Amino acid sequence: MKLLQERTAKQKLGESLIIQTAVRMLVPFIQLFGLYVIVHGHYSPGGGFQGGVILGASFVVLSLAFDQKFSMHYMSEKTNGIFGNIGALIYTGTAALCAIMGGMFLDYSALDKLIPLGPIEWRSLGIFIVEVGVGLAVMSIMTALFWVLGSKGEMDEGL
Amino acid sequence: MEQFLELVVSKYNYWIYVILMMIGFYAMIGKGNLVKKLIGMNIFQTAIILMFVSAGVKQGAKIPILNKHEVLEHGIDIATIVNPLPHVLMLTAIVVSVSVTGVALAILQRIYREYGTLEEGEILEKLGK
Amino acid sequence: MSASNLPLFVLAAPLLTAFLVNLFGRLSKSWIAPLAIGCLSVSTILAVIVLGQVMVGGGYTYTVGNWQPPYGIELVIDRLSALMLVVISSVALLATISALKSVFQELPDKEYMFFTLYLIFIAGLFGLVLTGDAFNLYVLLEITSITTYGLIAMGPGRAPLASFNYIIMGSIGACFYLLGVGYLYLMTGSLNMADIANILKTTTGGGAAVATAVAFILVGLWVKMAFFPLHGWLPNGYSLAPTGTAMISAPLMTKVTIYLMIRIMFSVFSIDYLFLHNPLVHQGVVWLATIAIICGSAMALAQTNLKRMLTYIIVAEVGYMVGGVWLANKIGLTGAILHIINDAMMTLCLFLAAAALLYKLGDLEFDNLKGVYRKMPVTMAAFTVGAFSMIGVPPTAGFFSKWYLILGGIEAGQWQYVVALLFSSLVNAVLFFRIIEIGYFLRPGQHHPTEKIAEAPLSMQIPLIVAAALLVIIGFNSGTLVDTISQWAAPLVF
Amino acid sequence: MKVLALLTTLVTGAVLLYGTMDFPAFGDPNSPAAQHLSAYFIKNAVPETHVPNVVTAVLGDYRGYDTMFETVVIYCAGLAVMGILRKKKKQD
C-alpha cells in the first residue's frame, strides 16, 4: 500500500485512478474465485487448468492496471518459479508415489496404504491433489508467460 | 443435388471445421508475415477442437456432471449425457496449443529484436546481405 | 515396488530429476551435472533390466492407473520398445556427458533451463516409445517438439528463425496427426491402438474416413521425421541450434518418429490394408523414399560446413528407413529397424565428434578442418569410425543394416530403391573422404584456427570413444539384434 | 508460391471432406464415438471414482497420464519462454 502511494504520487503508474482502485478491489475476489474453481472441479465445470488460469489472470490484471514491477511486488519471480516447479512436482510426485506404494503408476487407490480411506475415496482425493498441482503450475506459468512476453524478457515495468 | 444437400446439412459441423481449417492452413503456409502464420496455427487448432467437440454432441443431452447419489442408486441413461471424452481430449489439446503459442511468441520477439521486422521476405533480404 | 513398474521408472527418473535440476540448478551450477548424469544412468540400467525381462519372459502391457486397456492408457512393452528404451537411454547418457561442457561454454546462465528442457525431452522420447494410446502419443509428440523448439531457439543468431520455421512445420505435422486420430476416433470410438485395430478388423475395415486417417497420420509423422519433401525445418534447425541440442535431437528425434510410424502401421492398421489393398500406395512411398535418398545425398554434397552436411545426411537416412519399412517384406522391415538403432549410434558418434571439433575450433567450415587429424587424433579416429559406418564399410554397424535394406529391396523388386541406396553410399564415401583428406593431408596455413589447438576435454572424448566402440560392437553383434527384431516381427505376415 | 499454398490447402480440405462422408450425422446418439469409451465413462466414472463431474474424473484419473504430460507441456513452455527471452539482470 505504501509502495502504491509513493508511486502514485510520482505519477509513474499508467492507468487512471478509477481503474486502479477497481482492480485493487477486484483482485482478491478474482483469486478467491480461482481457488473456488480449482477445488470445486469435482462438482461443477472447472478444475486445475481453468482455476490456474484465473489465478494467473489476477496477476496479469495487476500488471496491466499498474505496472509489472507492482505485480511482482506481490509475487516475486523466484516464488513464481518455485510454485511452478512444485505444481509439476506434485503431479509427477503423486504418480511416482503411487508406483512406489505398490500400485501402478498414477493408481491413486494404492495410496490407501498410506492413509486408509478406502480405494474409491482415494481416487477422488487423488484427482483433487493432482488438480491442485496443475492449478499451481498453470498459475505460475501463465503469470511468467505474461511477464516475460510483456517486458521483452527484461522483467522491468513491462507494457 | 438434393442428396448432396442433405449430406451437407446432416454433417454441417464437419463442413464448418474444414473451412476453418483451410483458412488456418492457408495462413500457415501462404502468408509472409510470421505473426499471421502464428494466427493461422491457432485457427487450425481451433478447427480441430471444433471437430472433436462437435463429435461429442448428442441431440438434447445434458452436460456430463451427474448427481452422485442418484447415479450410485439408480444408474444412468447414457443417451441423456453428452460424450465426456472429446472434451477431455480437447482440454489437453487447448493447453498444448497455448503452450506452443507462448513459445512461438517468445521466438517472434527474439526475431524482432534481431531483425527489426516480422515479414519473412524482409528478413530473408537482410540475411542475404 | 513391483517389478512391472520398471519401464515407467525409466521415464520417471529424468522427468522428476528435471524439476530438481530446475530448483537446485538455479542455486548452483554444480548440481546439474551429477543430477543429469545420475538420473540417465538409472534410466539406462533400468532399461537394460527391462530388456532382459522382455527377452526372457516376452512382452507385456502396462495399464497406467490400473484401468483396463481401452478405458485407461495402455503402455506396450515388447521386444521392440524395450530395445528402443535401451538405445534412447544409452544415446542420451553419452550425449549428456559430452553436452555438459559445450552447454556451459555456449549458454552461460541458462544451463539449468537448458538441462530441464533437455531431460523432459528425453522423458518424452521414453514415453513415445512406450505408449500404446493414439492420443497420448500426440501429447508426447508435442512435449518432445516444444522442448526442441525451446532448445533450438536458445541458440544465437539465426537459431530463433530456424526454430520458428520448425514450430510452423511441426505444428502442421502434429495437427495432421491429431486430425487423423480424430477420424479414427469418430469411426471406432476408441483411442487405444490395439482396440482400434480390433474394431477396424470386425467392422468393414476400409472406407473413406479410415483412408483419410491413414493419410493424415502418415503425413503428420513424415513432417515430424523430416521425410524428403517435408524436411524443410531440419537442416537449419539442427545446424543452427546449440551444440547440446543437436547432439541429442539429431540422433533420436527422427529415429523415434520412424519407430512411431512402424508402431502405428503395424499395431493399428493391418498389413492387408496397408500393402495389399492397393499396391500402388506402398510402391509410391518407396519411390518417394528413393527421391528422398537421392535428394538428401545430393544436397549434402553441396554443403561446405560439416554440421550442415551431417543434417542433410540425416534427411537421406530417413529416406532409407521409410523406404525399408514400406518395401512390404520382412527383410526390409528388419533392415529398417536395425538401421534405426545403427543410425542413432552413427549420428551420435558423428555429432559428438562435431561437437568436440566445434568446442575447440569454434567453426566447422571445411577450410577450418585442415590438419585437424594431427591435433586431435582421438576425436578424428572416432569420427572416422562413424564415417565408415555411415558409408557402410563392414565390420561397422552401418554395413549390416544397409545390407538388409538392399536385400529387402531386391526381394521386393524395387530396384530404384536399391540403386538409390548404393548411390547414397557412394556419395557418403565421397563426402567423408573429402573431410578425411582435408583433415589428414592438407596443411593448415598461417593464422589458421587449427594452429594451436589440442585434444578436446576428456568429458567429450570418453563418450565419443564409447560411441565409436559401440558402433563396432553392434556391428559384430548384429546377429543377436536381428534375432530380437525378427522375433518381434514374427507374427506379421506379409 | 501463393498458388501452391492455395492448391495444397484446397487438396487438404477436399481430402478431409471426403473422409467425413463415412461419419455419423451431427448429434447422433448412436455414433461409434458415443458408444464405446464414452458410454463406459458415463456409466462407471461416478461409481468408480466418486467424482460427479465425469470430465474431471476422466481427465484426472482414467487419462491421468495424459494430463500429467499436459502439465509438463505447459511447464516446458514457461521454461522455454524464459530461456529464449530472459536477459541477464542488470547490475543496479
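**Stop 1: chains B and D**

Select chain B and chain D together and show the surface where they meet. In this predicted model, the two chains bury about 4,600 Å² between them, and carbon and sulfur atoms give 77% of that area. To see where chain B gives up the most area to chain D, pick out Y26(B), I78(B) and L85(B), which together make up 11% of what the chain B side buries. The contact draws on 48 residues of chain B and 48 residues of chain D.

Now switch to a cartoon of chain B. The helices that each hand at least two residues to the side touching chain D are α1 (2-10), α2 (12-30), α4 (68-74) and α5 (84-115). Which of them gives the most? Click on α5(B), which supplies 18 residues. Colour the chain B side by residue class and you will get 32 nonpolar, 11 polar and five charged residues. If you go looking for salt bridges between chain B and chain D, the count is zero; polar contacts, on the other hand, join nine residue pairs at pLDDT 80 or more.

**Stop 2: chains D and A**

Keep chain D, hide chain B and bring up chain A. Here the buried area is about 2,800 Å², with 68% of it on carbon and sulfur atoms. Show M68(D), I74(D) and Y75(D) as sticks: these three provide 20% of the area that chain D buries against chain A, more than any other three residues. Chain D brings 28 residues to this contact and chain A brings 36.

How many salt bridges link chain D and chain A? There is one, so named here for easy selection: D61(D) and R123(A), whose side chains meet with N to O at 3.0 Å. Polar contacts between chain D and chain A number nine residue pairs, both partners at pLDDT 80 or more. On chain D, the elements giving two or more residues to this side are α3 (37-49), α4 (54-62) and α5 (64-85). Of these, α5(D) has the largest share, with 13 residues. By class, the chain D side splits into 13 nonpolar, nine polar and six charged residues.

**Stop 3: a loop in chain D**

Stay on chain D and centre on H50(D), which sits in the loop between α3 and α4. Its phi is near 60°, a positive value in a residue that is not glycine. Is H50(D) buried or exposed? It counts as buried because its relative accessibility is 16%, below the 20% cut-off.

**Stop 4: two helices of chain C**

Move to chain C and select residues 330-361, helix α14. Its 32 residues should span 46 Å at 1.5 Å a residue, and the end C-alpha atoms lie 45 Å apart, which agrees. Most of α14(C) is covered, with 28 of its 32 residues buried. Step past the end of α14(C) to G362(C), where phi is positive, near 85°.

Before α14(C), look into the loop that follows α13 (306-326) and find A328(C). This residue, which is not a glycine, has a positive phi near 65°. With 17% relative accessibility, A328(C) counts as buried.

Finally, select residues 208-225 of chain C, helix α8. The expected span for its 18 residues is 26 Å, and the end C-alpha atoms are 26 Å apart, in agreement. Of those 18 residues, 15 are buried. Just after α8(C) comes A226(C), with a positive phi of about 65°.

Definitions and conventions: Residues are numbered from 1 along each chain as its sequence is written. Chains are lettered from A and ligands numbered from 1 in the order in which they are written. This is a predicted model: local features need pLDDT of at least 70, side-chain atom pairs count only at pLDDT 80 or more; totals for chains, interfaces and linings use all residues. Side-chain values use heavy atoms; hydrogens and water are left out. Contact means heavy atoms within 4.5 Å. Buried area is the accessible area (1.4 Å probe) that two parts lose on being put together, summed over both. A salt bridge is a side-chain nitrogen of Lys or Arg within 4 Å of a carboxyl oxygen of Asp or Glu. A polar contact is a pair of N or O atoms within 3.5 Å; within protein, one must be able to donate a hydrogen and the other to accept it, and residues adjacent in sequence count only if both atoms are side-chain atoms. Helices (H or I, at least four residues) and strands (E, at least two) are DSSP runs, numbered from the N terminus. Ala, Val, Leu, Ile, Met, Phe, Trp, Tyr, Cys and Pro count as nonpolar, Asp, Glu, Lys and Arg as charged, and the others, Gly among them, as polar. The expected span of a helix is 1.5 Å times one less than its number of residues. Buried means under 20% relative accessible area, exposed over 50%, partly exposed in between (1.4 Å probe, protein chains only).
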